[in-house]
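Biologist: I'd like to learn how to read a structure like this one, feature by feature. Could you walk me through it?

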Amino acid sequence: ISDQKPLGCWSVKHGQVLTCPVVCNFETHEYIAVHDDKVLRIWKDEDINLDKAFKATLSADVHRIHSLPEGGPLVLFKGGGVRTLDVLLEAPQQEIENVISDEAIRWSGAFMESQQPVVVFATEKDGDFFVYVQKPKLDSLHKYRLEPQESAKPLSFTAYLKNQTVTLLCLYSSDSVYQVLIPLQQDAEEEEQILPKSLLLNLSVSGSALKGTSLVVLDKDHVAVLGSLAAPDKEPKECLTIWNTKFQTLQTSKELPLGTSGQLWCYEEKFFLTHGKVLTVILYKCETSSLAAAVGKLKDSQTPGVSSFVNWDTLENEELVVSFQPQESVALKAESRMNLRSRRSGVAKVQPENFSVGQLLLNLKDAPTNVLENELKQLMSKAQTPDLQAAIGSVVTALTNRCKTNSRYYPQSFLLQIVETRDLSYSLCPDLMAVALEKRDFYLLQICLQRFPDIPEEMTYACLKEFLSISDAYLRVTDVDLDSVICYIDVEFDNKEVKTEIVENGFNAELDEDTCDTKMPGQSHSRSDGESCPVAPQRAALLNAVLHSAYSETFLLPHLKNLPAQQAILFLRYLYYLYVKCSEKVNTTLPGVRSPTINQIMDWMCLLLDAHFTVMVILPEARELLSKLHKFVRAQVRFYSELNKIEGSLRELQRLNHLRDSQTYSIEVLEII
């Protein structure tokens with residue numbers, strides 16, 4: 001989500017329609033989908049063509065598939081029957097019973113109780129609503145009727161399970177939320193018991209009714225409602241609201257001016273909703289709603305509550321949700337789409353002494369430089385462990401914002417200390433690498449490329465282009481970590497590379513003497529392309545950091561095509577040099593710390609050739625390089641082909657070695673044919 005890139009995409013054939021939401025099987029890491037009501041599809045991430053994925057045609061129409069982390073997928077059919085996926089796949093054409101008659105399923109949910117899956121679904125028939133509770137593994141089914149209400153009907157349902165009781169929350173068209181308790185332990189002979197409901201919330205904000213469309217449970221004391229607020233003489237405004245059901249209060253709300261689809265999802269302390277044409281993700285964190293907690297927070301009431309994780313840019317752009325007063329118990333913050341990935345702690349609730357992180361950073365926004373750094377260092381030392389990552393992200397954001405407003409300010413050592421000692425990611429401090437690139441802080445960029453798991457391809461390309469364009473004279477006086485190159489690029493004090501003999505696996509003049517302009521291994525000193533590194537050690541170390549950075553080929557390739565031709569050739573020369581170096585070793589592994597792997601080298605070579613193949617063919621210096629690369633790869637292929645031919649004989653030797661009596665001395669001559 002942070003980089004706006006599709007990681008996987010599958011589509012059905014023309015004319016086929018996906019008829020229920022796709023789910024993930026947590027046990028097998030497979031996707032499960034149903035198209036045309038009865039056709040089940042199962043596939044994995046690496047599968048490309050959905051038409052070739054596993055297919056099973058069922059005997060009845062599927063309403064929904066529910067996937068439980070510990071209970072496996074459960075298939076709910078439109079007739080009310082439920083099967084576990086394992087049972088269903090044993091006989092896909094098995095008969096499915098019809099539990100309901102002339103009723104339409106309006107909502108369904110699945111839970112685990114005493115290691116047994118439980119499916120709860122609500123149906124409607126002629127204005128009457130029913131609730132079914134089914135335990136598929138125990139063949140247990142109970143039907144209930146919801147207590148009717150005049151002039152109002154349920155619009156949305158949600159539920160949670162606790163202490164063998166299902167708590168069903170119903171959002172009614174009367175702008176109210178009702179609660180229904182359904183005990184799981186019931187006598188089998190009881191039929192169609194009427195479930196009483198109790199009023200939980202009146203959705204009224206300052207005298208205006210909230211017309212809710214979707215409802216989710218956050219915990220036992222908090223719910224979220226998505227809807228539109230109809231103020232008198234004003235246009236209705238869609239908004240997301242959080243309510244405390246224990247104290248019957250509105251905790252916070254966020255206006256959504258671009259409109260929504262009316263659907264709201266909640267998963268792992270994140271809201272998902274469509275806002276205009278984009279998917280919006282909002283992190284939240286609930287604390288226990290108790291009087292003790294409220295009293296404890298009243299001490300901070302002299303300072304207005306602000307979100308404890310603040311980005312000043314988003315605050316100025318009004319992207320930040322107005323958070324709660326200190327005595328309230330839920331934190332909510334709208335996240336920009338670029339700031340989501342790798343946020344392990346969600347929204348932080350860090351309060352050094354009597355201030356939240358957000359309040360402290362706001363107070364320090366215009367503070368002198370020395371005061372700012374001292375306060376931020378104290379903040380980092382006092383941050384609580386569960387929320388440390390988010391707090392440090394706030395610190396880095398504060399520093400980079402100061403750098404952007406004051407061109408002469410750049411706390412290089414402080415930023416470097418944070419990146420080297422803390423577990424950060426690009427999405428926590430998205431401006432850090434851009435500022436470092438502007439300041440030409442190559443050491444910090446090198447560390448970020450090595451440590452950050454989520455760097456966008458655009459930033460990776462910007463670093464690569466800068467590393468290739470910077471002059472050798474500038475690099476010689478630049479501080480760079482040489483650990484990744486020092487073991488295979490030996491450097492004397494005059495910065496000239498020490499020549500070492502190269503013995504390449506499979507690259508022998510005898511194998512390819514008719515086509516390869518090569519010397520014997522003992523004469524390899526004269527071959528500069530295989531021996532001498534085409535770039536200075538400092539530049540090599542920076543390029544190695546780029547090779548370590550994670551990327552998606554689809555999104556990196558368009559940027560690589562913009563790389564100037566001479567820089568592309570220089571980069572390819574270095575990759576070829578690394579490839580030859582790897583081939584010297586039997587295990588094709590370069591020595592050193594964080595040295596590139598053979599897979600990384602070959603992947604980048606292929607990427608570069610894909611992006612600049614036409615240029616490489618036209619330019620004379622590139623053609624010569626391509627020719628040498630082609631010959632070297634061909635020799636490698638021949639060498640491994642010869643090894644494959646004797647693989648069977650080598651295995652036979654290994655088997656005979658095990659059978660031989662180790663106490664007997666013998667000399668054996670084996671002929672390999």
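Biologist: Let me start with a small detail: which residue in β10 is the bridge partner of T123?

Modeller: The partner of T123 is F130, in β10. Before we go on, please keep in mind that this is a predicted model. The two strands in question are β9, residues 116-125, and β10, residues 128-135; they run antiparallel and are joined by seven bridges.

Biologist: In what order do the strands of that sheet lie, β9 and β10 included?

Modeller: The order is β8-β9-β10-β11-β15, five strands in an open sheet with mixed pairing. To find the edges, look for strands with a single partner: here these are β8 (104-113) and β15 (193-195), so each has one side without a neighbour in the sheet. On average, neighbouring strands in this sheet are turned by 25 degrees against each other, ignoring direction.

Biologist: Which strands make up the open sheet with antiparallel pairing?

Modeller: That one has four strands, in the order β1-β2-β3-β4. Its edge strands, β1 (18-25) and β4 (54-57), each pair on one side only. The average turn between neighbours is 15 degrees, again with direction ignored. Inside this sheet, β2 (residues 30-35) and β3 (residues 39-43) run antiparallel and share five bridges. You can pick out H35, which stands opposite V39 of β3.

Biologist: Now hairpins. How many residues lie between the strands in the hairpin of β22 and β23?

Modeller: Three, and E268 in that hairpin takes a positive phi near 50 degrees. The strands β22 (residues 265-266) and β23 run antiparallel, joined by two bridges, and C266 has F271 of β23 as its bridge partner.

Biologist: What does β23 form with β24?

Modeller: Another strand pairing to look at: β23 and β24 form a hairpin with two residues between them, and G276 in the turn has a positive phi of about 65 degrees. Six bridges join β23 to β24 (residues 278-286), and the two run antiparallel. L273 stands opposite T280 of β24.

Biologist: Is β23 mostly covered or mostly open?

Modeller: Mostly covered: β23 spans residues 270-275, and five of its six residues are buried.

Biologist: How do I judge a single residue, say Q567: buried or exposed?

Modeller: Compare its relative accessible area with the cut-off, since buried means under 20%. Q567 has 14% relative accessibility, so it counts as buried. This residue belongs to helix α15, residues 565-584. Leaving out residues up to four places away in sequence, Q567 touches K465, L468 and S469.

Biologist: And the surface? Which residues make the nonpolar patch of about 440 Å²?

Modeller: Y640, L643, I646, L650, L653 and L656 make that patch. Two elements give two or more residues to the patch, α17 (620-645) and α18 (647-659). The biggest contributor is α18, with three residues. I646 sits in the loop between α17 and α18; its relative accessible area is 32%, so I646 is partly exposed.

Biologist: Finally, how many helices and strands does the chain have?

Modeller: There are 18 helices and 25 strands. The chain has 673 residues, 48% of which count as buried. It exposes about 34,100 Å², with carbon and sulfur atoms supplying 50% of that area. Taking contacts between residues at least 6 apart in sequence, 57% join residues at least 24 apart.

Key
Residues are numbered from 1 along each chain as its sequence is written. This is a predicted model: local features need pLDDT of at least 70, side-chain atom pairs count only at pLDDT 80 or more; totals for chains, interfaces and linings use all residues. Side-chain values use heavy atoms; hydrogens and water are left out. Two strands pair if DSSP finds at least two bridges between them. Axes are lines fitted to C-alpha atoms, for helices over the stretch in contact, and angles run from 0 to 180 degrees between N-to-C directions. Patches are made of residues with over 30% relative accessible area and no salt bridge: like charges are joined within 9 Å, nonpolar side chains (Val, Leu, Ile, Met, Phe, Trp, Tyr) within 5 Å. Accessible areas come from the Shrake-Rupley method with a 1.4 Å probe; for residues, only the protein chains shown count as cover. A salt bridge is a side-chain nitrogen of Lys or Arg within 4 Å of a carboxyl oxygen of Asp or Glu. Buried means under 20% relative accessible area, exposed over 50%, partly exposed in between (1.4 Å probe, protein chains only). Contact means heavy atoms within 4.5 Å.
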